[in-house]
Amino acid sequence: QVQLTESGGGLVQTGGSLRLSCAASGFSVRMYAMTWYRQAPGKERELVATITRAGSITNYADSVKGRFTISRDNGKNTLYLQMTNLKPEDTAAYYCKARDIEYWGQGTQVTVSS
């Protein structure tokens with residue numbers, strides 16, 4: 001049974017940092033490109049970052065480029081998102097997803113206060 005469990009969200013001030021984790025079970029993340037999405041209240045879910053299976057190529061939304069870093073530990077079956085210099089517009093629920101598996105976890109809430 002596929003399961004993705006996001007954690008690490010919280011309330012931070014503008015300029016702060018958080019590290020999100022996504023623990024996968026029921027499948028091996030090493031077989032998939034992995035992604036982070038986010039969804040702010042009243043807005044559509046948007047793709048934030050993508051990482052290839054081996055972790056050699058990453059891509060980011062323009063809004064987070066230079067501030068967020070996606071990484072993976074295939075041995076731990078875990079995906080990460082390091083977020084720095086956070087802004088109020090980063091406030092959203094964050095979700096991880098295997099690119100070719102239609103399954104969403106519960107997400108983790110990130111709130112950035114101004």
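Author: Two strands pair if DSSP finds at least two bridges between them. The model discussed below is a predicted one.

Reader: In β8, which residue is the bridge partner of Arg19?

Author: Strands β3 and β8 run antiparallel and are joined by six bridges. Within β8, the residue bridged to Arg19 is Gln82.

Reader: Which residue in β3 stands opposite Glu6?

Author: Strand β1, residues 3-7, pairs with β3 in the antiparallel sense over five bridges. Opposite Glu6, the residue in β3 is Cys22.

Reader: To which residue does a disulfide join Cys22?

Author: The count of disulfides in the model comes to one. Its sulfur atoms lie 1.9 Å apart, and the link is right-handed, with 55° about the S-S bond. The pair links distant parts of the chain, 74 residues apart, with Cys22 in strand β3 and its partner in strand β9. Both cysteines are buried, and the partner of Cys22 is Cys96.

Reader: In what order do the six strands of the open sheet stand?

Author: The pairing in this sheet is mixed, and its neighbouring strands are turned by 25° against each other on average, direction ignored. Strands β2 (10-13) and β6 (58-60) each have a single partner strand, so they stand at the edges with one side lacking a neighbour in the sheet. The order is β2-β10-β9-β4-β5-β6.

Reader: Which residue in β5 does Met34 stand opposite?

Author: Strands β4 and β5 pair in the antiparallel sense over five bridges. Within β5, the residue opposite Met34 is Ile51.

Reader: Is Thr50 buried or exposed?

Author: Thr50 is found in strand β5. Beyond its neighbours within four places in sequence, Thr50 is in contact with residues including Met34, Ile57, Ile70 and Arg99. The cut-off for the buried class is under 20% relative accessible area. Thr50 has a value of 12%, so the residue is buried.

Reader: How many residues does the largest nonpolar core have?

Author: Trp36, Phe68, Ile70, Leu79, Leu81, Met83 and Tyr94 are the residues with the most contacts inside this core. Strands that each supply at least two of its residues include β3 (18-25), β4 (34-39), β7 (68-73) and β9 (92-98). The number of residues in the core is 30.

Reader: With which tyrosines is Phe68 in contact, leaving aside its neighbours within four places in sequence?

Author: Phe68 is among the residues with the most contacts inside the largest nonpolar core. Its contacts beyond those neighbours include Val48, Leu81, Met83 and Leu86, as well as Arg38 and Asp90. The tyrosines in contact with Phe68 are Tyr60 and Tyr94.

Definitions and conventions
Residues are numbered from 1 along each chain as its sequence is written. This is a predicted model: local features need pLDDT of at least 70, side-chain atom pairs count only at pLDDT 80 or more; totals for chains, interfaces and linings use all residues. Side-chain values use heavy atoms; hydrogens and water are left out. A nonpolar core is a set of buried Ala, Val, Leu, Ile, Met, Phe, Trp, Tyr and Cys residues joined through side-chain atoms within 4.5 Å. Buried means under 20% relative accessible area, exposed over 50%, partly exposed in between (1.4 Å probe, protein chains only). Helices (H or I, at least four residues) and strands (E, at least two) are DSSP runs, numbered from the N terminus. Contact means heavy atoms within 4.5 Å. Axes are lines fitted to C-alpha atoms, for helices over the stretch in contact, and angles run from 0 to 180 degrees between N-to-C directions. A disulfide is a pair of cysteine sulfur atoms within 2.5 Å.
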